[in-house]
Amino acid sequence: MHLTVSPAHQPLRGELTLPGDKSLSHRAALFAALTHGESQIANFLDAGVTRPLLEALRALGIPWALEGTTLRVQGRGLAGLPRPAATPTLHCGHSATTMRLLAGFLAAAGLPAVLDGSPGLRRRPMRRVTDPLRAMGAPIRDTDGHAPLMLAARPAHRRLRGITYRLPVASAQVKTALLLAALAADTPTTLTEPAPSRDHTERMFAALGLPLERPAPLTVRLTPPLPPRIPPLRLTLPGDISSAAFLLTAAAITPGSRITLRRVLLNPGRTGFLDALQQMGAALEITPRGKTYGEPYGDITLAHTPHLHGITVAGDLVVRMVDEFPAFAIAAAAAQGETIVRDAAELRHKESDRIAAIVTRLHRLGAAAEALPDGFRIHGGQPWHGGVLDGGGDHRIAMAFAVAGLAAQAPITVQHADIIAQSFPAFAESLQRLGAPVAAHGGEAAP
Ligand code: S3P
């Protein structure tokens, strides 16, 4: 499927509620398996990145059903998981979150498995999770630092060891994998990060009554034993702020726009993009509406302002908007003056090398941009032309450059746009509902 977005001839207007946050969907589905009873997770994100996790749960003997967007999972606790007769191969698709979280979960459960994924996922770094898991006594191997990952069975009487570990990179996926493994350790696990990655696991563990503390801002500690019974989850997931970023960018670059996104996740570890937009001069109204399982959510209204200006993004703000740089780059290209992103070398290890992916595509559109070893520089405010670009096998790159069509001089067609369904299957429809000229056409069927 290809997606063509034409220059906007009218403002974007309207209100939307978005599908559940991707990070929360992954955690809620997996952590439900730790609990005892039926979890009910409403507004679950049914998308390319969550399906492999659901299929893995089924292969591990954890029953679930998806009715509309409500996911029900029958949890029997870690100890209640059946031992498989043969080692299952669990396909994680394109989802690094699925692979890294499952590695920690399986290490805790002591179950054997092979974790594999798409060619793109096989290129993502995995030693960051296998090294510390092995240090905890988990029998896990990687393939030259990459997937496939091989976990051997661990006898129930042999517990894992807690570790005191300083993560070399800020990564919520690694932190979560280690906190999951820590559930099966006989001593405390203390993790310290170089910068504050998203803390959804900490919030959900605490809400489930798991023995977790935060002795310092960048440190988290889990101290066994676990409570004998963990209550099932009952929640409605807030909308995905990372998906919201594309719609907010669309409105920020389309004159006269005013859009409201309702019930969006507002965890401060995820709102860096909103801060960046505000620093650029965007008019945002953020109205908190409540909290669920420790996660704040609320409504976001963006009214277009004509004078966005370039900014510098570095340090902790990078971590707080780590998935938003493709969208941010389009806002920066529309803003007057220079935008600089530093301290963002992690972007080279996402679904694509996002620094290269952003800069090469901006060049193709005639916009001025430059790659830096740990970020990029954009000279914004110049008009860009339309054309045909490839999604690059990266859902967020595909969405960002589709949105760029709204402010281009001619339509932009993003080829192989099926990849968008990895995280935001309703992307094109959502833009259309706000009044954007979007057309899907041709190409091969979704993978
Ligand atoms: C995620 C953490 C981030 C993020 C990813 C989802 C999570 O990755 O980029 O989309 O749900 O924990 P890292 O842990 O590699 O920073």
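This report describes the ligand site of a predicted model, then some backbone features.

**Where the ligand sits**

The ligand takes up the space of the largest pocket. Two domains meet the ligand here. Domain 1 covers 2-18 + 239-441, and domain 2 covers 22-223. Both give residues to the shell around the ligand, so the ligand lies between them.

**The shell**

There are 13 residues around the ligand. Ser23, Arg27, Ser171, Asp323 and Lys350 come nearest. By character, the shell divides into six charged, four polar and three nonpolar residues.

Helices supply part of this shell. Helix H1 (22-32), helix H3 (96-109) and helix H6 (172-182) each give at least two residues. Which helix gives the most to the shell? H1 does, with three residues.

**Polar contacts**

Oxygen atoms of the ligand pair with polar atoms of the protein. The table lists three such pairs.

| Residue | Protein atom | Distance to a ligand oxygen atom |
|---|---|---|
| Arginine 27 | N or O atom in the side chain | 2.6 Å |
| Glutamine 173 | polar backbone atom | 2.9 Å |
| Aspartate 323 | polar side-chain atom | 2.6 Å |

How much of the ligand does the protein bury? Taken alone, the ligand exposes 390 Å², and the protein buries 95% of that. Arginine 27 and aspartate 323 make their contacts through side chains. Glutamine 173 uses its backbone. Arg27 and Asp323 are also among the residues that come nearest to the ligand.

**Backbone features**

Where are the cis peptide bonds described here? One runs from alanine 147 to proline 148, with omega near 0 degrees. Proline 148 has its place in strand E9 (residues 146-151).

Another cis bond runs from proline 224 to proline 225. Its omega is near 5 degrees. Proline 225 is in a loop, between strand E13 (219-222) and strand E14 (234-236).

Aspartate 144 also deserves a look. This residue is not a glycine, yet its phi is positive, at about 55 degrees. Aspartate 144 is found in the loop between strand E8 (140-143) and E9. Strand E9 is also the place of proline 148.

Definitions and conventions: Residues numbered from 1 in each chain as written. Predicted model: local features only at pLDDT ≥ 70, side-chain atom pairs only at ≥ 80, totals over all residues. Heavy atoms only, no water. Near = heavy atom within 4 Å. Polar contact = N/O pair within 3.5 Å; in protein donor to acceptor, adjacent residues only side chain to side chain. Areas by Shrake-Rupley, 256 points an atom, 1.4 Å probe, with all protein chains shown as cover. 1 Å grid on protein atoms, 1.4 Å probe; cavity = no way out; pocket = protein on both sides within 12 Å on 5 of 7 lines; lining within 4 Å. Sits in = over half its atoms within 2 Å of the grid points. Helix = DSSP H or I, 4+ residues; strand = E, 2+ residues; numbered from the N terminus. Nonpolar A, V, L, I, M, F, W, Y, C, P; charged D, E, K, R; others polar. Domains from an automatic or database assignment.
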